[in-house]
Amino acid sequence: MPFTTDLITELNALVRFDPDSGQQGLKVHKTADAEVIAAMRRLHAKGLVTQADGGYLTPLGREAASHAQALTGLLTAGTAAT
């Protein structure tokens, strides 16, 4: 199954969290892009974040964010910065 635009937006939201810190949250303001607001609401509905506008990662969210960051690292390993 290929990544949809919605999934990519959710992954981008997840990698902004620090999965190692239960004390660091995110707040998506009402002036943010509609896609980002919708992605955070979907992450909340999936039980990955504590609030519809961000909040903190749940235990499942920490696991998902950790995997998302690992995947990002794997896919960008060896790429030269331009």
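Let's start at the largest pocket, whose lining is made up of Phe3, Ile8, Leu11, Asn12, Val15, Ala68, Leu71, Thr72 and Leu75. Two elements, α1 and α3, each give two or more residues to this lining. Keep in mind as you look around that the model is predicted.

How much space lies in this largest pocket? About 170 Å³. Helix α3 gives the most to the lining, with four residues. As for chemistry, the lining residues divide into seven nonpolar and two polar, with no charged ones.

Now pick out one of the lining residues, Ile8, and follow it into helix α1, where it lies. Is Ile8 buried, exposed or partly exposed? Its relative accessible area is 40%, and because buried means under 20% and exposed means over 50%, Ile8 counts as partly exposed. To get a feel for distances in the model, try Ile8 and Thr31: they are 23 residues apart in sequence, and their C-alpha atoms are 20 Å apart in space.

Stay with helix α1, which runs over residues 5-14, and turn to its buried residues: Thr9, Glu10, Ala13 and Leu14. These four cover an arc of only 140° around the axis, so they sit on the same side of α1. What do the buried residues of α1 pack against? Their partners are β1 (26-27), α2 (34-45), β3 (54-57) and α3 (59-76).

Helix α3 is thus a good place to finish your tour: the buried residues of α1 pack against it, and α3 also gives four residues to the lining of the largest pocket.

Notes. Residues numbered from 1 in each chain as written. Predicted model: local features only at pLDDT ≥ 70, side-chain atom pairs only at ≥ 80, totals over all residues. Heavy atoms only, no water. Buried < 20%, exposed > 50% of the residue type's maximum accessible area, 1.4 Å probe, protein only. Arc of directions from axis to C-beta. Contact = heavy atoms within 4.5 Å. 1 Å grid on protein atoms, 1.4 Å probe; cavity = no way out; pocket = protein on both sides within 12 Å on 5 of 7 lines; lining within 4 Å. Points joined across faces, edges and corners; volume = space filled by probe spheres on them. Nonpolar A, V, L, I, M, F, W, Y, C, P; charged D, E, K, R; others polar.
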